[in-house]
Amino acid sequence: MSSAPREATVPLTRWQYFTKTLYHNAAVKYGLSDTALWVLYHVSEDSDNITQQDLCRQCCFPKQTINTAINNLIRNGYLTLETLSGTRNSKRIILTDAGQALMQTTIDPLKQAEDAVLLDTSSIDFDESLSALSDIITRRLGVKAVDAE
């Protein structure tokens, strides 16, 4: 039996672990839970009509986990909810002015670091990409990187 499929998944698994740890470290630096970071990340991507149900699908988190993060962000003044017209209980998640400011100091720098790595596609080697992402996020955000090795 060939080990080729297994060998192909090892870099993907490492990439997943590496990025999860890196984003966790960014969340800690910003004083956010991992879930709150991802809520802000996804709301910044689709600020027009994103709902809690959308976030559950996109983030693969349970509804209660998303709900807790949203409620904490609302309590801290970063989000508000608005009922979508034509629905009984679907609510659009909206960034407040404070939420916009938070996003600019947390999510935007993360996206800029991601873009910098993706723009340098001279090599699609996973190890090099991991190191590049680690270096850029460490330099730009001052977030403790994990060892890509």
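Which strand does Arg-92 lie in? I started my notebook with that small puzzle, keeping in mind that this is a predicted model.

**Entry 1: Arg-92**

I found Arg-92 in strand 2, which covers residues 91-95. Next I looked up its accessibility, and Arg-92 counts as buried because its relative accessibility is 19% and the cut-off for buried is under 20%. I also checked one partner in space: Arg-92 and Gln-53 sit 39 residues apart in sequence, and their C-alpha atoms are 9.9 Å apart.

**Entry 2: the overall plan**

I stepped back to look at the whole protein. I noted six helices and two strands. Reading from the N terminus, I wrote down the order α-α-α-α-β-β-α-α. The protein has 149 residues, and 39% of them count as buried. I then turned to contacts between residues at least 6 apart in sequence, and 53% of these join residues at least 24 apart.

**Entry 3: Asp-48**

Is Asp-48 buried or exposed? I located Asp-48 in the loop between helix 2 (34-45) and helix 3 (52-59). Asp-48 is exposed, because its relative accessible area is 51% and the cut-off for exposed is over 50%. I looked for a residue far along the chain and picked Ile-94, which is 46 residues away from Asp-48 in the chain, with 7.9 Å between the two C-alpha atoms.

**Entry 4: helix 2 on its own**

I spent a good while on helix 2. Helix 2 has twelve residues and spans 17 Å from first C-alpha to last, close to the expected 16 Å. How many of the twelve residues of helix 2 are buried? I got nine, so helix 2 is largely enclosed by the rest of the structure. My list of the buried ones reads Thr-35, Ala-36, Leu-37, Val-39, Leu-40, Tyr-41, His-42, Val-43 and Ser-44.

**Entry 5: helix 2 against helix 4**

A reminder to myself before going on: two packed helices are described by the angle between their axes and by the distance between the axes.

I looked up helix 2 with helix 4 (residues 63-75), and they pack at an angle of about 80° with axes 9 Å apart. That makes helix 2 roughly perpendicular to helix 4. On the helix 2 side I noted Thr-35, Ala-36, Val-39 and Leu-40, which meet Thr-65, Ile-66, Ala-69, Ile-70 and Leu-73 of helix 4. I sorted the residues of this contact by class and wrote down seven nonpolar, two polar and no charged.

**Entry 6: helix 2 against helix 3**

I repeated the exercise with helix 3. The axes of helix 2 and helix 3 come within 10 Å and cross at roughly 110°. These two helices are therefore roughly perpendicular to each other. Trp-38, Val-39 and His-42 of helix 2 make the contact with Leu-55, Gln-58 and Cys-59 of helix 3. By class, I recorded four nonpolar, two polar and no charged residues for the contact of helix 2 with helix 3.

**Entry 7: helix 3 and its cover**

Which residues of helix 3 are buried? I wrote down Gln-52, Asp-54, Leu-55, Cys-56 and Cys-59. I then asked what covers the buried residues of helix 3, and the cover includes helix 2, helix 4 and strand 2. Just after helix 3 comes Cys-60, and I noted its positive phi, near 60°.

**Entry 8: the aromatic rings**

Next I hunted for aromatic pairs and counted two. In one of them, the ring centres of Tyr-23 and Trp-38 are 5.0 Å apart and the planes stand at 45°, so the pair is tilted. This pair links distant parts of the chain, with Tyr-23 in helix 1 (residues 4-29) and Trp-38 in helix 2, 15 residues apart. Tyr-23 counts as buried at 6% relative accessibility, whereas Trp-38 counts as partly exposed at 24%. I also noted that Tyr-23, Trp-38 and Tyr-41 form one aromatic cluster.

**Entry 9: Thr-106**

My last stop was Thr-106, which lies in helix 5 (residues 97-119). Thr-106 counts as buried, with a relative accessibility of 1%. What is Thr-106 in contact with, leaving aside its neighbours within four places in sequence? I found Tyr-30 and Leu-32.

Conventions. Residues are numbered from 1 along each chain as its sequence is written. This is a predicted model: local features need pLDDT of at least 70, side-chain atom pairs count only at pLDDT 80 or more; totals for chains, interfaces and linings use all residues. Side-chain values use heavy atoms; hydrogens and water are left out. Helices (H or I, at least four residues) and strands (E, at least two) are DSSP runs, numbered from the N terminus. Buried means under 20% relative accessible area, exposed over 50%, partly exposed in between (1.4 Å probe, protein chains only). The expected span of a helix is 1.5 Å times one less than its number of residues. Axes are lines fitted to C-alpha atoms, for helices over the stretch in contact, and angles run from 0 to 180 degrees between N-to-C directions. Angles under 35 degrees count as roughly parallel, over 145 as roughly antiparallel, 65 to 115 as roughly perpendicular and the rest as oblique. Contact means heavy atoms within 4.5 Å. Ala, Val, Leu, Ile, Met, Phe, Trp, Tyr, Cys and Pro count as nonpolar, Asp, Glu, Lys and Arg as charged, and the others, Gly among them, as polar. Rings of Phe, Tyr and Trp (its six-membered ring) pair if their centres lie within 6.5 Å; planes under 30 degrees apart count as stacked, over 60 as edge-to-face and the rest as tilted.
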